[in-house]
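The exercises below are meant to be worked through with the sequence and the 3D view side by side. Each one sets a task and then gives a solution in steps.

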Amino acid sequence: MSKPVLVVKNLTKYYGERIALNNVSFSIGEGEIFGLIGPNGAGKTTAIKLITGLAKISSGSVTILGNDIVSNFEKAILNVGGIIENPNFYNHLSGLQNLKYFASLYGKIDMNRINYLVKVLAMQNRIKNKVKTYSLGMKQRLGIICALINKPKLLILDEPLNGLDPTGIIEMREFVKKVATEEKIAVLISSHILSEVEALCDTVGIIKNGVLIEHQNITDLQRGIKDKERFAISVSHPNFAAKIITKQYANKNVEVVGKNVILQASSQEVQDILKFLITNNIGIFGTRTVTKSLEEIYFDMVDKENKEGIL
Amino acid sequence: MKLFRITNSETKKILTRPSLYIMGIFLAILLVFTAVIYNPTPLENSTKSYQALTLNGVLSPDEVIRNFNTVKNSYTDAKVSDLGAVINFYSNKTLDFSTVYSNKDENSTAMAKLNSAFIAYSAIDSNDKSIYEGAKKNLEEAYTNFKNEYNKFFSTSYPIIRITENDKAEIEKIINLLDNHIYQQILTIPNHNTLINTLTSSKLITDLQKTLSKIENIEIENEVLAELNNINNSIKNKLSELELNINNSETVEEIQLNAARYVSVKTMGERLIGNKLYLELVKNKSDYSVNKLNALNTNPFVNDKQEVFFKNFISENIAIDSYLYENNQYDFEYNRNFSKFSIMGKDAQAFDYAFYSMELIAFFIIMCACITAATSIAGEYTSGTIKMLAVRPYKRSKIISSKFLSTLLLTFLLLLLSAIIVIITGIINYGINFTSILTVFNGGSVFVISPILMFIIYFLTILIKAIVFISIAMMFSVLFKSVTPAIIVSLLTYFVAPIFTSFVPLVPVLTFLPLINIDLFKFFGNQFIASSASQNSFVQIFTSQNFLSSNIFITLSLVIVSIALCLITTFVLFKKRDI
Ligand SMILES: Nc1ncnc2c1ncn2[C@@H]1O[C@H](COP(=O)(O)OP(=O)(O)OP(=O)(O)O)[C@@H](O)[C@H]1O
Ligand SMILES: [Mg+2]
């Protein structure tokens, strides 16, 4: 892995008695895009607020380029750009005035940088208009420009695709990818639009009820699932087959869909099951693997956690 | 350096707010408004009363001197004549404070004697001539004794007793009755039955006793008496010196000058003694009771017909009179060189107008500062931009500081701009006059300073007031995180403070309350605040009042503690809370 930009260790946040983030750890390297996905109320925004110092950490630590966010806030946050929750601006000012204001907080205003970003995000036509006349998508784009104005090493985007049209989404995705590689920026994106995350991220972390359930490289994640792939076995007597499989293999979860029994097993197990079925005079017409999209994995995990009763 | 940068950005940001321009327009209107409503009424110069000596202006020096000698005892300025009894007391009698009669015990004894004589008299048979004559004589003696004590009591003790006008009238009435019905009867009519009836029915003596017992008797320390005697003698010396000068003068101008001094010395001296004595009498009383006494019209010492009296005010007058008297500054109106509301014996000038106008302008500007400060943090929360701002490389404390400093900077600039405009307007309309001002610091020390310096002091006290209210508004801004409640509560605080100041002015404990007691300018001379001749009640509402015999150090501590508490709360809250 490349040099880590953001290191999150055992991050925990309590809101009063309730735990909003429970012992979350991950790290993001240079040029890496990390997707934090999870349902509403999972704790994505909370994690981002802790990372950016907006909310106080209950326990654990956040380090950005070696600087602790709590003890060395100014140095740590200097390398961060981001949108948290919604992109909010001073409505009575124009987009450009807003950008200039935020840029001025870093010292001399770099107009080249502003012009470059405005152009890349196709905001030239409206940049001189007041922000209150902007659509949500325009504000998102202005938010991204604003987040990148200080050439950050860590870009944090909380639901950046909200309000963008399909072309906008594609453009934004390309843009984020481009910036990440060109400027060697580590990107943290939170989202519940899973397909987007799938297409954009190098790594994803699935978060649910404040717990980071799975945190892996996307291909690893998919491969990991493949080790215990789901198989559909087309049989003559599916219900009977399901019954005896459950009896024989105590813990197997077997579904019956039409003439198919669907179950999760390793390749070795499938061979055993096939033999077992044949011995029991069940006709087998064929088997195939049932591949999963990330989305299905996501739901699987979330549901699994639900079933296991983890809050 | 970084703080400077963020403050700079913050200030520029505030300057882009549309509301700021609305405030600017209002300020401009207000500037014009104060220029229009300023309508100074020059008061008559009371030092000019000596001109009566040369009525018609054609008298010879001898005639003027003759005039002077005939009226010299009445030479107290018309305004000062309200000193009434005390002035007469001082001017007509040789006052020796060391023998002041202040004990009313003799009075009671005399009255008791009168009572028993009366009982003895009424008990005997009028036919028994020998006993009757003796009793009659006893009663007569007792009555004369009582009359003597009574007269002594009221003629020599008056300055050191307190008695309401009602009680005094009551006593006079009873004494009259005694005089007319009883004394006459004792002396002339041998039939004592009428006398007995009169006395029993009207309970005159018990009534008198009751009323007299209400009189409050105050002991004055010997040192104070000695000091007063010294001043008294010094005045007398000076007066006879001046009288000699007058009699030796050859030109009318010379006589006039000396006569004017004569009037001044007399007025100042009498006022000095009166005030010192009064302050001594009330030194252990709160301002509240001083005012109650004053409402009963029992303070014959202070000439200005003030509605409200304060010990501070009295000691300021003492300081001024002592200063003038000791420095042979006979123009006693010198201290009134200018004031916020009244112009004494002179034309209005730029500084008069500036003080007047700034009172209202400052009230408005501080109100705007409150709104700006209340919006500063709460506005960022309301618009959500706080999340954009807090992820910049500035600690929370720097963010708060920048808001505080930028609001303060803008307030300062607005005040400065207004002050300049107001002075220029004043110069254009009324001209400018740099005559020094006599002022009293902290109710004690007298200073003669340039009006420019005085105006700068005034400006600084306004600025301090602004800092207090900005701190309060900042605190509410962080506390509520929402613009509307932050502004409402801040403004409420801002408006309630002066209302409290004017409606509950006499409760001593208020001295120790912040918000109500934050005006420092009142310690630089009451004459700037004194509203005796105020011409515009509308402006008065916004005027700080010196209602407390406070002390600049108490007030300054309150101010510093208020600012510190508000800012600490603001910083801690903003630092500790999640955004
Ligand atoms: N200020 C707060 N006080 C108390 N609880 C809070 C606060 N902010 C968030 N929470 C709680 O913390 C949990 C996580 O919220 P968070 O905003 O991080 O979710 P999220 O993953 O961003 O959801 P969404 O997709 O809806 O944005 C939720 O249960 C929420 O109710
Ligand atoms: Mg969220």
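**Exercise 1. Find the residue that stands opposite Lys13(A), and place the two strands in their sheet.**

Lys13(A) stands opposite Leu21(A), which belongs to β2(A). The model is a predicted one, in which local features need pLDDT of at least 70 and side-chain atom pairs count only at pLDDT 80 or more, while totals for chains, interfaces and linings use all residues. Residues are numbered from 1 along each chain as its sequence is written, chains are lettered from A and ligands numbered from 1 in the order in which they are written, and side-chain values use heavy atoms, with hydrogens and water left out.

Next, take the strands themselves (E, at least two residues, as DSSP runs numbered from the N terminus, with helices being H or I runs of at least four). Strand β1 of chain A, residues 4-15, pairs with β2(A) in the antiparallel sense over 8 bridges, where pairing requires that DSSP finds at least two bridges between two strands. The open sheet of chain A has 4 strands in the order β2-β1-β4-β5, with antiparallel pairing. Its edge strands, each pairing on one side only, are β2 (18-29) and β5 (67-68).

**Exercise 2. Describe the surroundings of Lys403(B), and decide whether this residue is buried or exposed.**

Begin with its position: Lys403(B) is in helix α16 of chain B, residues 396-430. Its relative accessibility is 1%, and therefore Lys403(B) counts as buried (buried is under 20% relative accessible area, exposed over 50%, partly exposed in between, with a 1.4 Å probe and protein chains only). Then follow the side chain of Lys403(B), which reaches the backbone oxygen of Ser376(B) at 3.3 Å. Beyond four places in sequence, the residues that Lys403(B) touches (heavy atoms within 4.5 Å) include Glu10(B), Lys13(B), Glu380(B) and Met474(B).

**Exercise 3. Characterise the aromatic pair formed by Tyr90(A) and Tyr101(A).**

Rings of Phe, Tyr and Trp (its six-membered ring) pair if their centres lie within 6.5 Å, and planes under 30 degrees apart count as stacked, over 60 as edge-to-face and the rest as tilted. The structure holds 27 such pairs over all chains. Tyr90(A) and Tyr101(A) are 5.5 Å apart, centre to centre, with 80° between the planes, an edge-to-face pair. Tyr90(A) lies in the loop between β6 and α3 of chain A and Tyr101(A) in helix α3, so the pair ties together parts 11 residues apart in sequence. Finally, Tyr90(A) is buried at 7% relative accessible area, and Tyr101(A) is buried at 7%.

Technical notes. Polar contact = N/O pair within 3.5 Å; in protein donor to acceptor, adjacent residues only side chain to side chain.
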